Structures are given as C-alpha cells and as structure tokens.
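Trainee: I am new to this one and would like a close look at a single part of it. Please start with some general background and then go into detail.

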Amino acid sequence: MSVTAAQGFTAAGIAAGIKANGNPDLALVVNNGPRLAAAGVFTSNRVKAAPVHWSEQVLRGGTISAVVLNSGGANACTGPKGFQDTHATAEKVAATLNGHGVGGEHNAGEIAVASTGLIGVLLPMDKLLPGVETAVEALSADGGEAAAIAIKTTDTVHKTAVAAREGWTVGGMAKGAGMLAPGLATMLVVLTTDADVDGADLDKALRAATRTTFDRVDSDGCMSTNDTVLLLASGASGRSPAYEEFAEAVRTVCADLARQLIGDAEGASKDIRIEVVGAANEDDAVEVGRSIARNNLLKCAIHGEDPNWGRVLSAIGTTRASFDPDRLNVAINGVWVCKNGSVGEDRDLVSMKDREVRITADLATGSESAVIWANDLTAEYVHENSAYSS
C-alpha cells in the first residue's frame, strides 16, 4: 500500500497527458492529519530544479499537508517561468483540495512539489493543472500504488516499501533508475508515518536514514537536479514510539527502497555490493567505496564476469584514505583474490553468474566500515541514455 499504508493518508496517480505516451504521470499524496509534521532532504547539486527550491521553502514552515509529483518533465533549468509554474501547481492543489473539502484548510505554502523527467523543458501546464482536479477526485486510502506508478520515468517497476510496527507504520514510495549518484541518489521519495512524531525527530531520523541508504547508492556517478526525499507524519495512530524505534523503522523503509533503486538501474545486469572494512574512519570507508563504485573499467569487467581485482586496488589508490598499499586485501564473492596488495586465492574460484556481486575491500588500517551499492556498465545503459529524450 506504499504511502497509504500509514493511517491518515490518501493518494492518487493519474494520466494527465504530460507524457506523450499516455502513461500515468501525476501523483498526489495528502496528509489528513491530525498532525502535519514534515521533514525533507534534497539534492546537493548546485543546479536545482524549481520544485526543489519551492519545497525547500515550504519545509522551512515545518508543515506539509500534501505533495504533488509529476513525471514527464523535471522543470529544471527553466528560469523564472519554471518557478512560477511550480507556484501555480501548489496554488492549484491547495484550491482544489479546499474545494473538495479534503482534510483541513490547505494553502500553497504547505504544498510540496516534486518533478522528474527531461531537464530544460517547461511543463505543459495546460495539462498538469486540469490533471490536479482529476487527481483530487481520485484520492483514496488505497491510492498509494497508483501514485508510485505515476512517478516512474525510465523505471521498469514501481517501488514501494512498508515497515509495520505495533500500532503504527512507516510506508513509502520511490522512483529512480538513472542518474543514480549520492547527494542524494537520483530519486523522488515520499515516506509517510501515522506515528505521532514532531518535526525535529522526523528530521533527525530522516537524515540518519538517508546518510546510510540513499546517499550510499552510486550507480552511474551522475547527480540529479531534482532529488527530493520527504517524510510526513499524520499522528493518526495516536502512538508516540521511542525515537530509536522510530528511526529504525524509517531506515528499514529507506534501505528497502534504496535496494530497489539499484535493482532497477538503467541497463544494469549486475548489482554490486561494495563493502569497505578495516578503515581508519567512516569517511575513509565511504570515500573508498565511492571510488570503487565509479571505476568504469571495473564496472565493465564485472559486466563481463571478470574478477579483475587490480581495478579495485587502482580505485582505492586514487583516494585520500589511510592505508598501506602492501596490506590491502580484496575479496570478490567471498574469494580473497588479493592479499597484502598482491596475488591471493585463485581468481578462477570466483563465480559471478548471479545478479549480485559482492566486493570486500579491506584497508587493514582500523575498524570502521561502509557499504556502497553500484551497478555494472553495459551497452544497454549507453543505448538507453543516448536515446532518452522524454
């Protein structure tokens, strides 16, 4: 049930005509309260889409009563007109919800907006705004799946996750298949909970979860202009869990969705789990993991099912992490093919037939670790991104 698994939320996903192929392209998620607390994190790209700028402003008020999301156009690099279109979208959502008596009184300053699709193209507002009317009429407590389908772009499947706890729930939906790189990884994500949690704890839990999930997905090294992750709390369950329990549930949903993003990455035939161990500190572990994840020679080798550990060492060597090159160890799918910076076990022992490939890089310097997820580099990825224009 995605974002409507938690009490107090309704959602819809409809085809507004934004996409030329007629597929669903407009989603709406409404928090019916009684609490309207919210938190969010956004792309760290300095080039930000208009809806990112808008939603960042909305969040400063600490309240989000609804989120409207469209696929079929990113509304990024569209100048003042793009921001005006985002504002008009929020105004339309608020007015339509009020006109249909949905929830309490809505105003545009509490409506978050998110967009995904081609950069540098204005949205067809003559289709989007009437679509808002249709979406409001379609709102239901069972609309979470339809909403998740409507935000897909090159995704082959819609992505949802739920963590049900005793008397309260965290649910979520995500989209993302290309431009998957940290800060965040390219995505639109809406998370919901019926737990009674204030904005400060929502923010703390979301940032903690994002740091070890979405921010450690590095499929193709390309950072988006539109990344948006929102967490909304309705308080409808009347339950106020301990912070640690709540944060664990949020992280569980984020980790599930992040793994689904990697599993659906454009053109990928292998999902690569890179675990860096023996690091002097967590920052070193993350930096090394990212370097390995972004090594195109290694990604090509993995596509060819070649356990080329030399490319792993080469990637480690480009980082600022603390290590002695003569103490590095690398395992691929459990076989330690490199020991002490040199030849280890027979590489022919490594089987790479399965979809998931596990690389362990041991820096032999400390006790910290980190996991980064990546994909192989395929001809299909190149083809999809040379042909993509909508």
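Trainee: How many positive and negative side chains does the protein chain have, and how far apart do the centres of the two sets lie? After that, please look closely at strand β8.

Mentor: The protein chain has 32 positive and 48 negative side chains, with the centres of the two sets 3 Å apart. Lys and Arg count as positive and Asp and Glu as negative, while His and the chain ends are left out. Each charge is placed at NZ of Lys, CZ of Arg, CG of Asp or CD of Glu.

Some ground rules come next. This is a predicted model, in which local features need pLDDT of at least 70 and side-chain atom pairs count only at pLDDT 80 or more, while totals for chains, interfaces and linings use all residues. Residues are numbered from 1 along each chain as its sequence is written, and side-chain values use heavy atoms, without hydrogens and water.

The protein chain contains 10 helices and 15 strands. These are DSSP runs numbered from the N terminus: helices are H or I with at least four residues, strands E with at least two. The C-alpha atoms fill a box of roughly 70 × 50 × 35 Å along the principal axes. The radius of gyration of the protein chain is 22 Å, which agrees with the value near 21 Å for a compact globule of 390 residues. That radius is taken over C-alpha atoms, and the globule rule is 2.2 Å times the number of residues to the power 0.38. Of the 390 residues, 55% are buried; buried means under 20% relative accessible area, exposed over 50%, and partly exposed in between, using a 1.4 Å probe and protein chains only.

Now to β8. Strand β8 covers residues 188–193, and 6 of the 6 are buried, so the strand is largely enclosed by the rest of the structure. In a regular strand the side chains alternate between the two faces of the sheet. On one side of β8 sit L188, V190 and T192, on the other V189, L191 and T193, and all are buried.

β8 has neighbours in strand pairing, where two strands pair if DSSP finds at least two bridges between them. Strand β7 (residues 168–175) runs antiparallel to β8 and is joined to it by 6 bridges. Within that pair, K175 stands opposite L188. β8 is also joined by 6 bridges to β9, and these two run parallel. Here T193 has A233 as its bridge partner in β9.

β9 leads on to another strand. β9 (residues 228–233) pairs with β3 in the antiparallel sense over 6 bridges. A233 appears here too, as the bridge partner of A37. Strand β3 (residues 37–42) is mostly covered, with 6 of its 6 residues buried. A37, A39 and V41 are buried on one side of β3, and A38, G40 and F42 on the other.

To recap, β8 has an antiparallel partner in β7 and a parallel partner in β9, while β9 pairs in turn with β3.
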